[in-house]
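Please look over the sequence and the structure shown here before reading on, with attention to the ligand and to the backbone.

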Amino acid sequence: MGLKDKLTQLRDEGMAEIRNSKDLQKINEVRVKMLGKKGPITSVLRGMKELSAEERPVVGKFANKVRDELTTAIEDRRAELEQAELDAQLAEEKLDVTLPGTPVAQGQSHVIQQIIDQVVDLFVSMGYEVAVGDEVEQEVYNFEKLNLPKDHPARDMQDTFYVTPTVLMRTQTSPMQARMLEKHDFSQGPLKMISPGKVYRRDTDDATHSHQFNQIEGMVVGKHITMADLKGTLEVVAQSLFGDKLQVRLRPSYFPFTEPSVEADITCFNCMGKGCAICKHTGWIEVLGAGMVHPNVLKMSGVDPEEYGGFAFGLGPDRFAMLKYGVDDIRNFYQNDVRFLNQFDEKG
Ligand code: DAH
């Protein structure tokens, strides 16, 4: 076979291999094999010295043409394969921005916190300041300064976790009464404060008791504050939380830091006073303790009881939440089962 025929055959074989190359690696191999120094075209060109002077330029020209054709075909195929690879990659990584996203669960405030926020917002709208105390409290503020000296029998009502002999987990938010009375500058006007927070008692947890629960303390001390102010204030709270037809009833009670002391009842919001299971057929529901601040409490915090006086109250948002939503076991609020808590989604 003449060199020219050989070259034609090489070209046809080469073209077929190029067409059959399915990826970039293969086309690269074909290029090295066909056009490299040890490739068949180079060896054909080496054999040219055997040719006559007339034949040499003709074959040489043809060989160059074959090489150019193969080179172009290889480059075209490479470009084609590169494009195909890119297309495949793009198809695989395609991002459809119109697809719906994965929903992200949004948190919400705890049902008790919702009640606290509601009550606090209400008092803030009436000009009360919010005082946040510490859950670890000195015994003197939790008891002595609230007219509960050592050995006072009422201390037994509040079984206490002691941290040291004089430091305890507060059993009530009432210590904030003493702390705020001490701090307040009465020349600037009356003290009106609301103090929400957690309190602790050495109780065994059951449906109605929890060793940790919440209280909201309120206090107004100034000049000419009467029990009628207390009743009116409690009515506003009851009506804003449970409905505007509700009434408040005060019953005599006992707390060491108030004199007189009262227990406040509201009209049963379930039967509107007719009597039902929730109010144990009395038509009334007990919601908080309150009273007129005891002169001893004022005195111990450096406030003159001859000049100043006022009322205080303590309510339990846990109990409010139980009443409002008909929850019969307080432990539900603290076990943090989201299936339970999600029922009280503020956003509806
Ligand atoms: N601290 C009382 C308790 O934990 C609740 C209370 C009653 C607070 C009467 C008051 C009040 O401010 O006047 O049982």
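The paragraphs below go from the ligand and its shell to a few individual residues and then to the backbone geometry.

This is a predicted model, and a useful place to enter it is the ligand, whose space is the largest pocket. There are 16 residues around the ligand, and those that come nearest are Gln172, Ser174, Arg201, Gln215 and Glu217. By residue class, the shell divides into nine polar, five nonpolar and two charged residues. Three strands each supply at least two residues of this shell, namely strand 6 (212-222), strand 9 (284-293) and strand 10 (309-315).

Polar atoms of the protein approach oxygen atoms of the ligand from both side chains and backbone. A polar side-chain atom of glutamine 215 lies 2.8 Å from a ligand oxygen, and a polar side-chain atom of glutamine 177 lies 2.9 Å from a ligand oxygen. From the backbone, a polar atom of alanine 312 is 3.2 Å from an oxygen atom of the ligand. The ligand taken alone exposes 360 Å², of which the protein buries 91%.

Glutamine 172, one of the residues that come nearest to the ligand, is found in the loop between strand 4 (167-169) and helix 7 (175-183). With a relative accessible area of 2%, glutamine 172 falls under the 20% cut-off and is therefore buried. The side chain of glutamine 172 reaches the backbone oxygen of asparagine 142 at 3.0 Å, and a polar contact of 3.5 Å joins it to the side chain of serine 174.

Another buried residue is valine 120, which has 11% relative accessibility and is found in helix 5 (residues 111-125). Valine 120 is 78 residues from threonine 42 in sequence, while the C-alpha atoms of the two are 94 Å apart in space.

The backbone itself also deserves a careful look. Most peptide bonds are trans, and most residues other than glycine have a negative phi. Against that background, the peptide bond from glutamate 259 to proline 260 is cis, with omega near -5°, and proline 260 is found in strand 8 (residues 258-267).

Positive phi values occur in the loop between strand 8 and strand 9, where lysine 280 is placed and where histidine 281 also lies. Phi is near 50° for lysine 280 and near 65° for histidine 281. Lysine 280 has 69% relative accessibility, over the 50% cut-off, so it counts as exposed, and histidine 281, at 62%, counts as exposed too.

Definitions and conventions. Residues are numbered from 1 along each chain as its sequence is written. This is a predicted model: local features need pLDDT of at least 70, side-chain atom pairs count only at pLDDT 80 or more; totals for chains, interfaces and linings use all residues. Side-chain values use heavy atoms; hydrogens and water are left out. A residue is near a molecule or strand if one of its heavy atoms lies within 4 Å of it. A polar contact is a pair of N or O atoms within 3.5 Å; within protein, one must be able to donate a hydrogen and the other to accept it, and residues adjacent in sequence count only if both atoms are side-chain atoms. Accessible areas come from the Shrake-Rupley method with a 1.4 Å probe; for residues, only the protein chains shown count as cover. On a 1 Å grid over the protein atoms alone, a cavity is a set of points where a 1.4 Å probe fits but cannot get out, and a pocket is an open set with protein on both sides within 12 Å along at least five of seven lines; lining residues have an atom within 4 Å of a point. A molecule sits in a cavity or pocket if more than half of its atoms lie within 2 Å of its grid points. Helices (H or I, at least four residues) and strands (E, at least two) are DSSP runs, numbered from the N terminus. Ala, Val, Leu, Ile, Met, Phe, Trp, Tyr, Cys and Pro count as nonpolar, Asp, Glu, Lys and Arg as charged, and the others, Gly among them, as polar. Buried means under 20% relative accessible area, exposed over 50%, partly exposed in between (1.4 Å probe, protein chains only).
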